Amino acid sequence: MKHYLKFKDTIDSLINNSDNYIIFNDGKAIKYNINDDILINVDEIAERSIKRSDMEEDIIANSKFCVSVDFLSDVDLKLIYLNDEEKNITFFFNIKKDKNVRITNLYVDFECSTNTLVEYNVEEGAMLTVCDFASLNTNINEYVNYYLNEKSNL
């Protein structure tokens, strides 16, 4: 949480009062402005019948928890990431059927090298737009998987 305090002014400059956002520190949602149709869950890694690389399996095995975010309505959302000490972090984003979601990922600062696994599940007829911006002095090994269902768009 020390990074949030250190970069609070920078973070405040990235968001407007009307923005939908979630601020993650060490993989945990510490502050957010979202509607009730965006659900944040912290739980164990969901078992999926997909083949992952050895590195992805290693990230899952060494993550303390998994954050999943379910999008039940159309939204434009900023996700702001800080990291004090976590070496492995997992995020699962689920875009529900026929929803239009725009995610802007803002990587502000990481204190240590980190492995992240990010998975996007885009259900039938949904549209996902992702923009990434980073200003980091450390390494982030990011493994990103997109699972597109029928008639979905990325």
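The following exercises, each with a worked solution, concern salt bridges, burial and strand pairing in a predicted model.

The model is predicted, so local features need pLDDT of at least 70 and side-chain atom pairs count only at pLDDT 80 or more, while totals for chains, interfaces and linings use all residues. Residues are numbered from 1 along each chain as its sequence is written, and side-chain values use heavy atoms, with hydrogens and water left out.

**Exercise 1.** Determine which parts of the chain are tied together by the salt bridge of lysine 78 and aspartate 19.

*Solution.*
Step 1. A salt bridge is a side-chain nitrogen of Lys or Arg within 4 Å of a carboxyl oxygen of Asp or Glu. Between lysine 78 and aspartate 19 the N to O distance is 3.0 Å. This pair is one of five salt bridges in the structure.
Step 2. Helices (H or I, at least four residues) and strands (E, at least two) are DSSP runs, numbered from the N terminus. Because lysine 78 belongs to strand E5 (residues 75-83) and aspartate 19 to the loop between helix H2 (8-14) and strand E1 (20-25), the pair ties together parts that are 59 residues apart in sequence.
Step 3. Buried means under 20% relative accessible area, exposed over 50%, and partly exposed in between (1.4 Å probe, protein chains only). Aspartate 19, at 15% relative accessibility, therefore counts as buried.

**Exercise 2.** Are arginine 52 and glutamate 119 buried or exposed?

*Solution.*
Step 1. These two residues form a salt bridge, with their closest N and O atoms 3.0 Å apart.
Step 2. Arginine 52 lies in the loop between strand E3 (38-43) and helix H3 (54-62), and glutamate 119 in strand E8 (residues 114-122), so that distant parts of the chain, 67 residues apart, are linked.
Step 3. Both arginine 52 and glutamate 119 are buried.

**Exercise 3.** Classify lysine 96 and glutamate 123 by accessibility.

*Solution.*
Step 1. The side chains of lysine 96 and glutamate 123 meet in a salt bridge at 3.5 Å, N to O.
Step 2. Lysine 96 has a relative accessible area of 26% and is partly exposed.
Step 3. Glutamate 123 has 23% relative accessibility and also counts as partly exposed.

**Exercise 4.** Why is E7 largely enclosed by the rest of the structure, and with which strands does E7 pair?

*Solution.*
Step 1. E7 is largely enclosed because nine of its 11 residues are buried.
Step 2. Two strands pair if DSSP finds at least two bridges between them. E7 pairs in the parallel sense with E5 over nine bridges and with E9 over eight bridges.
Step 3. Isoleucine 103 in E7 stands opposite leucine 77, and its bridge partner in E9 is valine 130.
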